[in-house]
Amino acid sequence: MSHLPPTSDDRLIWDIWESMFRLPAMTAADEAGIFRALGDAALTTDELARDLSLDPHPLSILLGALASSGLIEKREGKWRALPPARTWLHPDAEGYWGGFLHGFRERTPQHGQLMEALRTGKRPERFNSGAPEWERGAMSAEAAQRIAAFMHAHSMATARGAAAQAVFGEVRHLMDVGCGSGVYGIEIARAHPRLQVTLLDLEAMAAEAGSYAARSGLAERVGTAAVNMFEADWPSGPDAHFFSNVFHDWSDETNRLLARKSFAALPSGGRIFLNEILMDDDGAGPWHAAAFSLLMLVGTLGKQYSLPEFRAILESAGFTQVEAVRTGGGYYSLVSAVKP
Ligand SMILES: C[S@@+](CC[C@H](N)C(=O)[O-])C[C@H]1O[C@@H](n2cnc3c(N)ncnc32)[C@H](O)[C@@H]1O
C-alpha cells in the first residue's frame, strides 16, 4: 500500500493552496494605491480607506495579508510600508515593479475579485463557493454532496486535532452545528467512546452527514438533525455546541445571533466551542489566517476573526470563561466558553 492514513497536520497543503492569494494581494494593493499611501505616511485603516475611497472591511483583511507578507507593518494602530514595498512597490520609486506586475492583473481572477470587494464593500459577483446555496436556507442533494466532499477534504486533519482535546471527555452530548460532512462530530465521537453526537445542518446536508456517519460505523452514537440554525428552535439535550468554520461564514452581527441561540439552548454549565483559524489580536497576520480571510471575503459574508473579536461576540450572549488553545490540527484553534 503506497498511501498513508491522515494525521492531524496538513499545513503543507494549506500553505500551497493559500499561496493563490499572495500575488493578487500585492497586485490589488498596487492598483488601489496602498503602497504609495503607506510609503508616504503611517495611516489607520479608516484613514487609508477614506484617502483611497475603499471600503474599510475588505481593506482591513487585505492589510493583514500584506503585513504577513512582509510588505507593511502595523504599529500603534497605524499601517506603514516596509523597505521592500518603499523600494519596489512605490510608484515614484526608481525600482518600481509596476511595469511588470500590471501584466498580472488580468491573469489572476482573485485580483479582480479583490478590487471589486475593495471598491464596493460587497462580495464579488463572480466567485466560486458553496455559500449562496446555504444562504438560501436550502440546497439540493447534489449541492450537499458536492459541498460536503469539499469540506470533508479540507477538515479531515483539523478534525483529528480537535478530537484529541481532552475537554470532550467532559461532555455528554455534543451538537456539531453546521456540520457539513459531519467529519468533526464523527472524529470526536471516535476519540471519545462515551460521547453522544448530533450532526446539525440544513436538511439535504444533514442527510449527507448521515451517510458519512453510517460509513464511519459510529451511527449508533452519531445522529443527525435537519434544522435551519437561524429559523428553527435548536434541539435540547446536548450539553455542548461545536461550530467549525461556521462563524467565519457570517458577519459579527449574525454571529451574535448564533451565540444567543446557542446560549438559549444550552443548560447551565454547558459549553460552546468554535474551531477556527484565528487572526492575531492586532489583525496583522498570520498569513495562513489572512489568506483564509481573503477567501472568506470573496466567497462568503464573513472573515477570519481574532480571539478578542470572538470574546466580544460570545460575552455579548452571556458566555463566560472564553479561552483558546491551538489544537495541533493544522493551523486551527479551539475557542471555548461556558454558559454560567
Ligand atoms: C463552511 S461549512 C462548515 C462545515 C463543517 N463544520 C466543517 O468545518 O467542515 C458551513 C456549514 O454551515 C451550514 N449552514 C449554513 N447555513 C445553515 C443554516 N441556516 N442552518 C444550518 N446549517 C447551515 C452549511 O450547510 C455548511 O455545511
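In this predicted model, helix α12 buries Ala 204, Met 205, Ala 206, Glu 208, Ala 209, Tyr 212 and Ala 213. The cover over these buried residues includes two helices, α10 (141-163) and α11 (183-191), and two strands, β4 (196-201) and β5 (222-226). The strands β4 and β5 pair with each other in the parallel sense, and the chain crosses from β4 through α12 to β5 in a right-handed β-α-β crossover.

**Helix α12**

- Helix α12 covers residues 203-216, which is 14 residues.
- From the first C-alpha of α12 to the last, the helix reaches 20 Å, close to the 20 Å expected at 1.5 Å a residue.
- Among the buried residues of α12 are Glu 208 and Tyr 212, along with several alanines, including Ala 204 and Ala 213.
- Gly 217 comes just after α12 and takes a positive phi of about 80 degrees.

**The β4-α12-β5 unit**

- Five bridges join β4 and β5, and the pairing is parallel.
- One of the residue pairs is Asp 201 with Ala 226, the latter being the bridge partner in β5.
- The path from β4 to β5 runs through α12, and the crossover is right-handed.
- Both β4 and β5 are also among the elements that cover the buried residues of α12.

**The sheet**

- Seven strands form an open sheet in the order β5-β4-β3-β6-β7-β9-β8.
- Pairing across this sheet is mixed.
- The edge strands are β5 and β8 (320-326), each of which pairs on one side only.
- From one strand to the next, the twist averages 20 degrees.
- Within the sheet order, β6 is followed by β7; strand β6 (residues 240-244) and strand β7 (residues 271-276) pair in the parallel sense over five bridges.
- Ser 244 has Asn 275 of β7 as its bridge partner.

**Domains and their contact**

- The protein chain is divided into domain 1 (11-120) and domain 2 (131-338).
- Taken over C-alpha atoms, the centres of domain 1 and domain 2 are separated by 31 Å.
- Domain 1 gives 18 residues to the contact, and domain 2 gives 18 residues.
- On the side of domain 1 that touches domain 2, α1 (11-18), α5 (56-67) and α8 (109-120) each supply at least two residues.
- Helix α5 provides the largest share of that side of domain 1, with six residues.

Methods. Residues numbered from 1 in each chain as written. Predicted model: local features only at pLDDT ≥ 70, side-chain atom pairs only at ≥ 80, totals over all residues. Helix = DSSP H or I, 4+ residues; strand = E, 2+ residues; numbered from the N terminus. Expected span 1.5 Å × (residues − 1). Buried ≥ 20, exposed ≤ 12 C-beta atoms within 10 Å, placed from the backbone. Contact = placed C-beta atoms within 7 Å. Pairing = 2+ DSSP bridges. Right-handed = clockwise from strand over helix to strand, strands pointing away. Axes fitted to C-alpha atoms, helices over the stretch in contact; angles between N-to-C directions. Domains from an automatic or database assignment.
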